[in-house]
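Student: I am new to this structure and would like a close look at a single part of it. Could you take me through the aromatic rings, and then show me a little of what else is there?

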Amino acid sequence: MGKVMSVCTSEAKGTQKKNVGTAEFVEDWGIKGDAHAGKWHRQVSLLSYDKIEEFRARGAEVEDGAFGENLAVEGFDFAKLPVGTVFKCNDVVLELTQIGKKCHSGCEIFKKMGDCIMPREGVFTKVLHGGKISVGDELIILEEKNDI
């Protein structure tokens, strides 16, 4: 079980996401008003809040949404979960579709710290069922796919 620590969106790609507190998740689209929403497999990004805190402990001054994450969730190590894992938060159902991503060269965090956690720790999901998620809500795993 995890706790949602931030809900972040951005209106334009290439800009830092901001914690909006609550967002509406639209089935097979993503977060309403978020620049990265669309009919593709990376509709919503998740990052472990614990990994963000570890990064901050190394001296990084990063705000909510700095890594481009939509949801920061305490209590999960998302990168260790298999693709196909299904999460539920309130009415929202998300399916894990991708672990990590290639970092665009020269992101501000990498320039300052010589490292960025999103490429290896961030995960991406599709919205299977819509609804609202707010800071403080509980996220659970509905189904964890087994690698065969």
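Tutor: Happily; we will begin with the aromatic rings and then turn to charges over rings, a sheet and the cysteines. Please keep in mind that this is a predicted model.

The structure holds 3 aromatic pairs. One of them joins Phe-76 and Phe-87, whose ring centres are 6.1 Å apart. The planes of Phe-76 and Phe-87 make an angle of 70 degrees, an edge-to-face arrangement. Where do these two residues sit along the chain? Phe-76 is in the loop between β6 (71-74) and β7 (86-89), while Phe-87 belongs to strand β7 itself, so their pair ties together parts that are 11 residues apart in sequence.

Phe-87 has another partner, because Phe-78 and Phe-87 also form an aromatic pair. This one is edge-to-face too, with 5.6 Å from centre to centre and 75 degrees between the planes. Taken together, Phe-76, Phe-78 and Phe-87 make up one aromatic cluster.

Are the members of this cluster buried or exposed? A residue counts as buried when its relative accessible area is under 20%. Phe-76 has 9% relative accessibility, so Phe-76 is buried. Phe-78 is at 1%, and therefore buried as well. Phe-87 is at 0%, so Phe-87 also counts as buried.

Rings elsewhere in the model have charged side chains over them. Lys-13 lies over the face of Trp-40, 5.8 Å from the centre of the ring. In another such contact, the charged end of Arg-42 sits over the ring of Phe-124, at 4.5 Å from its centre.

Now for the sheet. It is an open sheet of 3 strands, in the order β4-β3-β10, and the pairing is antiparallel. At its edges are β4 (30-31) and β10 (131-134), each of which pairs on one side only. Strand β3 (residues 22-26) is joined to β10 over 4 bridges in the antiparallel sense. If you want to find this pairing in the view, look for Ala-23, whose bridge partner in β10 is Ile-133.

Finally, the cysteines. How many disulfides does the structure hold? There are 0. Cys-8 has 0% relative accessibility, so Cys-8 counts as buried. Cys-89 is at 1% and is therefore buried too.

To return to the part you asked about, keep the cluster of Phe-76, Phe-78 and Phe-87 in view, with Phe-87 paired to Phe-76 and to Phe-78.

Terms used
Residues are numbered from 1 along each chain as its sequence is written. This is a predicted model: local features need pLDDT of at least 70, side-chain atom pairs count only at pLDDT 80 or more; totals for chains, interfaces and linings use all residues. Side-chain values use heavy atoms; hydrogens and water are left out. A disulfide is a pair of cysteine sulfur atoms within 2.5 Å. Buried means under 20% relative accessible area, exposed over 50%, partly exposed in between (1.4 Å probe, protein chains only). Two strands pair if DSSP finds at least two bridges between them. Helices (H or I, at least four residues) and strands (E, at least two) are DSSP runs, numbered from the N terminus. Rings of Phe, Tyr and Trp (its six-membered ring) pair if their centres lie within 6.5 Å; planes under 30 degrees apart count as stacked, over 60 as edge-to-face and the rest as tilted. A charge sits over a ring if NZ of Lys or CZ of Arg is within 6 Å of the ring centre and within 35 degrees of the ring normal.
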